[in-house]
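Colleague: Could you take me closely through one part of this model, and set it beside what can be said about the rest? I would like a careful, connected account.

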Amino acid sequence: MKKQFGMLGIALGMICLPAMALAASDFSGSWVRNNAGSDPAPNAMYWLTRGGATMGGGRAAADVVLNVHQDARSLQVTESGSVVRNYTLDGNPHTRATDTRMENAVVTANLQGNTLVIETTQPFGGMPGNATLKIKEVWSLSPDGKTLTILTTRDLPARQQTYKQVYNRTEPTQGAICSAGCVVPH
Amino acid sequence: MTKNISRRKFFAGAAASGFAAASASTIAAQTPAAPKRVGLPDVWGQDFLYQWSPPEHVKRDLTPGPGVIRLSNSQDITNKEGTDYANLFKSMREGGWTACEAASAAWLSRKMPDSEVREIKAQLKAHDVVFYNIHCAGNIIAPDPDAELWQRHIIDAIHAAEEMDLRMILTHTGSMYPNRNTAHPLNWSRQAWERSVNALKNICKATAGSKIKVAIEPVNTEAINNPWAMRRLREDVGDERIMCGLDITNMVFAGTAFRMSELLNTTFDLLEGMIAYIHAKDFVWDGMLPGLDWAMNGTGNMDYELFLAHISRIKDPIMYVEFLNSAEEYQQAQRNIRAIAAKIGVKIYGTQA
């Protein structure tokens, strides 16, 4: 009996080992943006200079939900109303099309201790001939794992912007469609 | 009254008609069935889709030309009495701006003494800043009698430009409404076209012999809102001083908003040798209606790499940055422009602090 328990323990240990190794930096989960604790996020798509409904760049106060699915080698991020992002966590540059599908972005994602660092270089608006935009995101979790903080730096020749976004862990919304909320990762 | 025609004349006339008909049919055979329409070429699905998405593999020749681009902005030179021109041009230069222009209403509001004109020229030279243009107000095809008054204004601006050794004045063909910035439904009518051509003929005739270029800025709200119209205008006016003050973003509509690389290639090709200078702006389409909004240079739909490459192939190119809100934004725009230019090897005159 004791032997059987011992074997079971070893088996459980084998199963849980990868998860334990990731525990300090596993960002998986559903996260809702804490607007009060976050800086106003700039308009990531456009830098308007005159008029326009979105002038000022402030993000509307509606809930922003991130659904993150992480395994040993990759990270998938689904944000309400946004394109799904897939990252390979190997620290190497990977090329993907920009959202316009007209240009390319080069993305590097790397787990560094308890943080995840994602660096992206792309034409600002994803259009030919745009100024080069460098985005650096540093993700970190609170010790209790209930708060995700993303510190973002956006670097253009014209200006540098740094802002912090704070997300609280929440329950995923099963079955929601992307345009209305999000799809829970499988 | 019945006209009597002799048999000989009748047959001669018939023969001539037959020849004319034969000639016409020969010409018709050589001419496309439908007149060529202006605009960018079809991409796909033209029988059921607007041609608003670009084709794949648009040619983008980023080879820099020999021109070194001077930048100016809407920090105009004014003729305000008591202006410290040394300081004015020094601050422009320190900000990276190496060319400047004046607004006509302000510039013509005071007759400058000759000594002041000499002082301006001396300070421009000392600080290596080029004063190149009087940017004109008004509407040369406005409802009468305003049209004639505004044509006189342009003529006065041309004389003032001569006095300052400028290269050009800039105006628009205007609108059938009093305000040129308001699109009139008949701005694209034959009447508006003829008023535009005649207005410019009047201006050219009154300033015959002048070397000042009369640059026309194509604008969406007016008849001259594409490079084909710009070229035809020059032909119809029949004066080589008619040039283009090119503002690509002023010609953008939904059909070209995402085809800027092609619009740039087409425009610089069609207007080769007749671009007096260029406005530098950017835009995005960020609304449900074809709502285009101004954006920071280098962040919108304008293909700035290709734009700068084309500009660098023009002789003595000058680029005018406008429609921004603050000195800080102008500096930001300049940083983007200089960075993009450096990336493709295009040279920008001077340096930015």
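**A close look at a helix pair and its setting**

Modeller: This is a predicted model, and its confidence deserves a word before the details: chain A has a mean pLDDT of 81, with 72% of its residues reaching 70 or more. Two stretches of chain A fall below a pLDDT of 50, and the one covering residues 53–61 nevertheless has 18 contacts in the model beyond near neighbours in sequence. The other, residues 175–186 of chain A, has 21 such contacts.

The part I would examine closely is in chain B, where helix H9 (residues 304–311) packs with helix H10 (residues 327–344), their axes lying 9 Å apart and meeting at an angle of about 75°. Because an angle of 65 to 115 degrees counts as roughly perpendicular, H9(B) and H10(B) are described as roughly perpendicular to each other. On the H9(B) side, the contact is formed by Tyr304(B), Glu305(B), Leu308(B) and Ala309(B), while H10(B) contributes Ile337(B), Ile340(B), Ala341(B), Lys343(B) and Ile344(B). Sorted by character, the residues that make this contact comprise seven nonpolar and two charged, with no polar residue among them.

The cysteines of chain B can be considered next. Across all chains, a search of the whole structure finds zero disulfides, and two residues show why in terms of distance. For Cys204(B), the closest cysteine sulfur is that of Cys136(B), 13 Å away and therefore too far for a bond; Cys204(B) itself is buried, at 5% relative accessibility. For Cys244(B), the closest cysteine sulfur belongs to Cys204(B), at 15 Å, which is again too far for a bond, and Cys244(B) is likewise buried, with a relative accessible area of 0%.

Returning to chain A, Gly37(A) offers a view of how a loop residue meets a remote part of the sequence. Gly37(A) sits in the loop that links strand S1 (29–33) to strand S2 (48–50) of chain A, and with a relative accessible area of 30% Gly37(A) is partly exposed. Although 128 residues separate Gly37(A) from Gln165(A) in sequence, their C-alpha atoms are 7.3 Å apart in space. The contacts of Gly37(A), once neighbours within four places in sequence are left aside, are with Lys164(A) and Val166(A).

Terms used. Residues are numbered from 1 along each chain as its sequence is written. Chains are lettered from A and ligands numbered from 1 in the order in which they are written. This is a predicted model: local features need pLDDT of at least 70, side-chain atom pairs count only at pLDDT 80 or more; totals for chains, interfaces and linings use all residues. Side-chain values use heavy atoms; hydrogens and water are left out. pLDDT is the predictor's confidence in each residue, from 0 to 100. Contact means heavy atoms within 4.5 Å. Axes are lines fitted to C-alpha atoms, for helices over the stretch in contact, and angles run from 0 to 180 degrees between N-to-C directions. Helices (H or I, at least four residues) and strands (E, at least two) are DSSP runs, numbered from the N terminus. Angles under 35 degrees count as roughly parallel, over 145 as roughly antiparallel, 65 to 115 as roughly perpendicular and the rest as oblique. Ala, Val, Leu, Ile, Met, Phe, Trp, Tyr, Cys and Pro count as nonpolar, Asp, Glu, Lys and Arg as charged, and the others, Gly among them, as polar. A disulfide is a pair of cysteine sulfur atoms within 2.5 Å. Buried means under 20% relative accessible area, exposed over 50%, partly exposed in between (1.4 Å probe, protein chains only).
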